[in-house]
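Work through the exercises below with the sequence and coordinates at hand. Each task is followed by a solution in steps.

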Amino acid sequence: MHIFITGIAGFLGANLADYYIAKKYKVSGCDNLVGGTKKNINLKKVKFYKADCENLEQMSKIMKGVDVVIHSAAYPHEGLSTFAPYLICKSNFIGSVSVFTAAIQNKVKRIVFCSSMARYGNVKPPFAENQNVNPVDPYGVSKLAAEQVLKILADSHGVEYNIAVPHNIIGPKQKYDDPYRNVVSIMINLMLQKRRPIIYGDGKQTRNFSDVVDCIYCLDKLATDKKIKSEIFNIGPDEDTISINELYEILCNKLQFNEQAKYVDDRPNEVKNAICSSDKARKFLNYKTTVNLYDSIDKVINFIKENGPKKFEYNYNLEIKNNLTPKTWKNKLF
Ligand SMILES: NC(=O)c1ccc[n+]([C@@H]2O[C@H](COP(=O)([O-])OP(=O)(O)OC[C@H]3O[C@@H](n4cnc5c(N)ncnc54)[C@H](O)[C@@H]3O)[C@@H](O)[C@H]2O)c1
């Protein structure tokens with residue numbers, strides 16, 4: 001079996017590659033390295049292409065002989081998308097259409113698309129796969145639009161597909177110096193530098209964090225289980241729901257950090273309680289949480305300690321700067 005992973009230098013893509021290498025699959029993949037690093041990839045075992053998903057011609061060439069494409073590449077920047085909508089929609093939507101087209105041109109057997117719970121938006125939690133959705137930011141819209149194009153193309157051209165909706169995933173190889181995303185890693189990176197973490201709004205917004213290991217065995221079923229096709233699955237736990245304030249407390253205890261967090265204004269459009277139902281994944285993918293939140297956080301802490309805390313990098317231009325733009329980004333406060 002030959003698996004092709006887009007975004008293979010990123011957090012999820014690189015962990016997926018390691019999983020399939022261990023299973024002795026043939027693994028290849030591409031990344032434009034905007035958000036990932038070659039250090040994440042086992043270059044001895046993976047055929048790596050530095051390529052941008054938006055480049056259809058190149059994507060079509062590098063997918064020759066592939067059985068399954070897992071499309072993980074994206075700018076996973078939900079909050080930023082209200083202030084850099086062009087960058088994020090172009091890459092996430094046009095890039096996805098390009099990947100799906102190249103996969104169909106190459107007659108791959110199956111395409112798996114990594115969507116996001118941002119697709120649900122501000123509907124009533126817990127979010128279930130079959131409910132109406134109402135994305136509230138360009139990132140959520142770009143993911144939902146890509147899902148819809150995938151369904152249409154796959155049905156028209158007779159290609160199998162599945163859609164994964166991971167919850168907030170955490171684990172080793174996740175970028176922790178990007179000020180626009182990954183709250184757990186950002187807080188740990190700051191605390192290890194003895195700097196006070198920043199919390200948006202009142203900190204009562206709730207989330208479920210899931211360990212990358214528990215995401216990957218589900219994604220594998222979406223990629224390889226013959227009985228599971230044309231489906232969408234939330235992937236991750238619905239237990240261990242915590243608020244950002246509670247997350248902060250846990251991290252303070254683990255890192256013996258005694259200072260108060262800095263509270264700043266809410267981010268526009270942030271969904272208050274982003275909680276998915278895991279019922280469908282439990283029933284059909286045999287989903288079980290194998291790494292609990294506390295152990296998963298320990299893995300992230302160890303990863304950041306091993307690689308050393310880092311200065312934050314402001315790699316993306318704010319396309320819209322006004323009085324709604326978080327000052328954390330406008331004034332580079334991280
Ligand atoms: N991490 C999470 O909590 C989470 C939750 C829900 C959904 N997702 C989705 O899962 C996928 C993986 O997320 P991640 O956390 O690994 O992010 P990541 O940023 O670590 O990995 C994404 C990779 O894609 C690459 N990339 C981006 N645009 C590209 C393009 N146009 N062409 C080629 N490469 C490109 C980046 O360089 C990066 O290495 C994304 O689609 C994301 O939207 C992630």
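A nonpolar core is a set of buried Ala, Val, Leu, Ile, Met, Phe, Trp, Tyr and Cys residues joined through C-beta atoms within 7 Å. A residue counts as buried if 20 or more other C-beta atoms lie within 10 Å of its own. The model is predicted.

**Exercise 1. Find which residues touch the most other members of the largest nonpolar core, and state where this core lies relative to the domains.**

Step 1. The largest nonpolar core holds 90 residues, and Val69, Ile111 and Leu219 touch the most other members.

Step 2. Among the elements, helix H5 (residues 183–192) is the top contributor to this core, giving 7 residues.

Step 3. Residues of this core come from both domain 1 and domain 2, so the core lies between them.

Step 4. Take Leu219 and set aside its neighbours within four places in sequence: Leu219 is then in contact with Leu16, Ile70, Val112, Ala164 and Ile235.

**Exercise 2. Describe how the chain is divided into domains and what makes up the contact between them.**

Step 1. Domain 1 covers 2–169 + 210–235, and domain 2 covers 174–207 + 240–274 + 292–330.

Step 2. Taken over C-alpha atoms, the centres of domain 1 and domain 2 are 24 Å apart.

Step 3. Domain 1 puts 20 residues into the contact and domain 2 puts in 19 residues.

Step 4. On the side of domain 1 that touches domain 2, H3 gives the most, with 3 residues.

Step 5. That side of domain 1 divides into 11 nonpolar, 7 polar and 2 charged residues.

**Exercise 3. Characterise the shell around the ligand by residue and by element.**

Step 1. There are 30 residues around the ligand, of which Gly7, Gly10, Gly35, Gly36 and Ala74 come nearest.

Step 2. At least two residues of the shell are supplied by each of helix H1 (11–22), strand S2 (26–31), helix H3 (85–105) and strand S7 (168–170).

Step 3. H1 gives the most to the shell, with 3 residues.

Step 4. By class, the shell residues are 14 nonpolar, 12 polar and 4 charged.

**Exercise 4. Determine the strand order of the sheet that contains S9, and name its edge strands.**

Step 1. The order is S12-S9-S14, an open sheet of 3 strands with mixed pairing.

Step 2. Strand S12 (242–243) and strand S14 (273–274) are the edge strands, each pairing on one side only.

Step 3. Strand S9 (residues 206–207) and S14 run parallel and are joined by 2 bridges.

Step 4. Within this pair, Thr206 stands opposite Asn273 in S14.

Terms used: Residues numbered from 1 in each chain as written. Predicted model: local features only at pLDDT ≥ 70, side-chain atom pairs only at ≥ 80, totals over all residues. Near = placed C-beta within 6 Å. Helix = DSSP H or I, 4+ residues; strand = E, 2+ residues; numbered from the N terminus. Nonpolar A, V, L, I, M, F, W, Y, C, P; charged D, E, K, R; others polar. Domains from an automatic or database assignment. Contact = placed C-beta atoms within 7 Å. Pairing = 2+ DSSP bridges. Buried ≥ 20, exposed ≤ 12 C-beta atoms within 10 Å, placed from the backbone.
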